[in-house]
Amino acid sequence: MDHLESTQRQALAQAGDEPYDLAISGGTVVLPDGPVATNIGVRNGLIARIGPEILRARKSVDAAGRLVLPGGVDSHCHMDQQPWEGRSTADDFRSGTLSALCGGNTTVLPFAMQMRGQSLRQIVDDYHERARPKAHIDYGFHLIVGDPTPRVLSEELPELIEQGCTSIKIYLTYEGLKLDDYEVLNILDLARREGVMVMVHAENDACIRWLTDRLLEAKKTALRYHVTAHPDIGEREAAFRAISFAELIETPILIVHVSSAGVVEEVRRAQQRGLAIYAETCPQYLFLSAEDIDTADMSGAKCVCTPPPRERANQPQMWRGLLDGTLAVFSSDHSPWNYADKIAGGPKTPFKDILNGIPGIETRLPLFFSATQGDGRLSINRFVDITTTTPAKLYGLYPRKGVIALGSDADFAIWDPHKSMTIRNEMLHHAVDHTPYEGMAVRGWPVMTISRGDIVYADGEVQSTAGRGRFLRCERPFAPKRIPIPSLAG
Ligand code: DUC
Ligand code: ZN
């Protein structure tokens, strides 16, 4: 059913007078034009009916007093990623997707990561092998390209794009992953020809290395120097460079995990000039700050990621960027390590040796819901757009995923908007021994998750099986441009 046109999907969902497989009744359903009190009928894993009448079904869900949202799309998460910082992430596709669905998600887009010297094709085959038997919910792969050889550019990438991996992530820093500017231009040129999205990890590599060396020379190894070594100025420079290259090649990019006000400004300026520049931020830049890293003991390591959470004074600008639409996507950048692994060098582990990355796939939506819905900071539709619909669109999954519409996959998260919870690691389903959000109080929680018509999570009970998740062949999000870039056209 992967490649059905919208009309074919709608036809498949219809079956005369047969009862629906599942009806969801009595809830407030968040449709693209706004929330509506209506019912939903599901057939063959697809949305077959949206309407006010009583629906005859083999199975019914009473959603009275609940919000019915499209299942969340977490478009930035790392699972079973190897080798990353010398070891694989704590979550594999089993625990990672389980944690995702318990947090109201029905789609995840993790990464297949190529490092220098590796075959991208081989890497993607390996990720398929590891994900297929374990995934609980549907998944696609972004391709991390760490070695854009002529073969990768001319053969492997076009083939993989054709097979449904239609987004490429590049790094401007990190040994074994970083591309030089010439290589970045090659990737953007390919993306333009193919109509795919390029995601950019934007930090200036030389700034990080130079500052780290100076700090270590001065024996400044404490956790808080992680923030000094990853300055917002370097993030801004790299973002501006990536934006400039995207402007030159005339192809869209998305800057991932924007952490600082300066980058929000650069993105806003680019958008005001009409450039197709997209940007994402993550929970750690709204709900954590540099102060959380600067602890007397090593517990601050639980909040170490790159780019790092910034000063608290930076947060209002991040919120402004989300509210005015400059930041289009809110994803988790779930990158889980157990605490002992993060500080493998013991209580004196220098900042530069702390494993980067924090867990957050299960808490992403509740934290954002609580912070935006209680005081009406965002409408419920904007909440859905930023966390679900826009990522589905930007990565070629819409309208199959990311929306409640006839013919779309029957993926839902049913929320109790009043449920008060205090986040505790013991209630989460990831394979990590901590959450950086321990003890935070939230209001609003996803109480049921439905994936392609299957109830996979209800009132604290997991009802899913590993391996039921399917690989998603993403469409190209943009029209391919086979003509030369304007500078070369004359
Ligand atoms: N930063 C990334 O860019 N990826 C995963 C972990 C991290 O901290
Ligand atoms: Zn990441």
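Two strands count as paired if DSSP finds at least two bridges between them. The legends below describe close-up views of a predicted model.

**View 1. Strands 6, 7 and 9 form an open sheet.** The three strands of this sheet follow the order 6-7-9, and their pairing is parallel. Strand 6 (72-74) and strand 9 (138-139) are the edge strands, each of which pairs on one side only.

**View 2. Strand 6 pairs with strand 7, and helix 14 packs on the sheet.** Three bridges join strand 6 to strand 7 (residues 105-108) in the parallel sense. Within this pair, Thr 107 of strand 7 stands opposite Val 73. Helix 14 (residues 364-373) touches both strand 6 and strand 7, and the direction of the helix makes about 120° with that of strand 6.

**View 3. A shell of 11 residues surrounds ligand 1.** The closest of these residues are His 201, His 257, Cys 305, Thr 306 and Gly 357. By class, the shell comprises seven polar residues, three nonpolar residues and one charged residue.

**View 4. Polar atoms of His 257, Thr 306 and Gly 357 lie close to atoms of ligand 1.** For His 257, a polar side-chain atom is placed 3.1 Å from an oxygen atom of ligand 1. Thr 306 contributes a polar backbone atom, 2.8 Å from a nitrogen atom of the ligand. A polar backbone atom is likewise involved at Gly 357, where the distance to an oxygen atom of ligand 1 is 3.3 Å. Of the 240 Å² of accessible area that ligand 1 has on its own, the protein covers 100%.

Key:
Residues numbered from 1 in each chain as written. Chains lettered and ligands numbered in written order. Predicted model: local features only at pLDDT ≥ 70, side-chain atom pairs only at ≥ 80, totals over all residues. Heavy atoms only, no water. Near = heavy atom within 4 Å. Polar contact = N/O pair within 3.5 Å; in protein donor to acceptor, adjacent residues only side chain to side chain. Areas by Shrake-Rupley, 256 points an atom, 1.4 Å probe, with all protein chains shown as cover. Nonpolar A, V, L, I, M, F, W, Y, C, P; charged D, E, K, R; others polar. Helix = DSSP H or I, 4+ residues; strand = E, 2+ residues; numbered from the N terminus. Contact = heavy atoms within 4.5 Å. Axes fitted to C-alpha atoms, helices over the stretch in contact; angles between N-to-C directions.
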